[in-house]
Each structure stands twice: as C-alpha cells, then as structure tokens.
Amino acid sequence: MNRKLMAQRLEERGLTNFQIKILLTTMEIPKGRTATYKEIAARAGYPGASRAAGTALRKNPFPIAIPCHRVVKSSGETGSYSGRSNSRIKKELLKKEGAI
DNA sequence: CAACACAAAGTAG
DNA sequence: CTACTTTGTGTTG
C-alpha cells in the first residue's frame, strides 16, 4: 500500500481533496505513535482544521487500511472509535504498541 | 447560497 | 476545573 495508490482509490471513491490529505496523513502515523486531530490537520496543510479532520476520519472509507486508532484528542484521551465513544480495545492496543 | 453538524482547540473565569 | 467562543470543511435544505 503506497500513498499514490491510496490517494487514487480515495479519489475514485468520491472523496474531496481535503479528506484525501487527512486520510493519507493519518495513514502515515508511525507505529507506537499517536497524533491529535490538530496535528493531522496541520500536517495535511490545514492548520486549525481539527474539527474538519474529525469529520473526515468519521467518514473513513477504509477503516482497515487507515489506523484511526492512533488518532487521539489533544488531552491524550482516545476520543471515539468506530462510532463508539471510548473503546477499551483501542487504548490497550495503543499501550501495547508503546504509544502510551 | 445558507444553516447545521463534527471524534477539537483556544481563551476566559 | 468548567463555560463560552472560534474554527475549517462536509452535509443537508
């Protein structure tokens, strides 16, 4: 899975350029590392668009290919995942990876 | 085109 | 700590 292929698939799926950047950035988060919505948005080229980043991730078309579980709130909390507001599995997985 | 929605962040108290 | 304001983009009317 490389970045160009993902971008192409995302574009074919009808996502906007903003969502594509957000998703690609999220996918590039290294293992054992967490990123906040703010960091993702800023790295994608939209500093301050933390809420928009959350919207894009919530509509994540490829929840398997994109590690949304590494995306957390600025407080270090998990936020929500798979439509649930705080998955125990997510926290344990992050802890196992060494993110916490 | 306008108003509302969203998994946040920032500022004020 | 909590409450209010700001923020950028998507979705719906």
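The questions below concern how the protein in this predicted model meets DNA strands B and C.

Me: Which element gives the most to the surface near DNA strand B?
Reply: The residues around DNA strand B include Y37, K38, S50, R51, G54, T55, L57 and R58, and a polar side-chain atom of T55 lies 2.8 Å from a base oxygen of that strand. The elements that give two or more residues to this surface are α3 (37–44) and α4 (50–58). With six residues, the element that gives the most is α4.

Me: Which residue has a polar backbone atom 2.7 Å from a base nitrogen of DNA strand B?
Reply: Polar contacts here are pairs of N or O atoms within 3.5 Å, and S80 places a polar side-chain atom 3.0 Å from a sugar or linking oxygen of DNA strand B. The base nitrogen, by contrast, is reached by a polar backbone atom, and the residue that supplies this atom is L57.

Me: What percentage of the atoms of DNA strand C within 4 Å of the protein belong to sugar or phosphate?
Reply: A polar side-chain atom of T16 lies 2.2 Å from a phosphate oxygen of DNA strand C, and one of K59 lies 3.0 Å from a sugar or linking oxygen. Bases are also approached, since a polar side-chain atom of R51 lies 2.9 Å from a base nitrogen of this strand. Bases account for the rest of those atoms, and the share belonging to sugar or phosphate is 66%.

Me: How many nonpolar residues does the surface near DNA strand C have?
Reply: The residues around DNA strand C include F18, Y46, A49 and A52. By class, this surface has three polar and two charged residues, and the number of nonpolar residues is four.

Technical notes:
Residues are numbered from 1 along each chain as its sequence is written. Chains are lettered from A and ligands numbered from 1 in the order in which they are written. This is a predicted model: local features need pLDDT of at least 70, side-chain atom pairs count only at pLDDT 80 or more; totals for chains, interfaces and linings use all residues. Side-chain values use heavy atoms; hydrogens and water are left out. A residue is near a molecule or strand if one of its heavy atoms lies within 4 Å of it. A polar contact is a pair of N or O atoms within 3.5 Å; within protein, one must be able to donate a hydrogen and the other to accept it, and residues adjacent in sequence count only if both atoms are side-chain atoms. Helices (H or I, at least four residues) and strands (E, at least two) are DSSP runs, numbered from the N terminus. Ala, Val, Leu, Ile, Met, Phe, Trp, Tyr, Cys and Pro count as nonpolar, Asp, Glu, Lys and Arg as charged, and the others, Gly among them, as polar.
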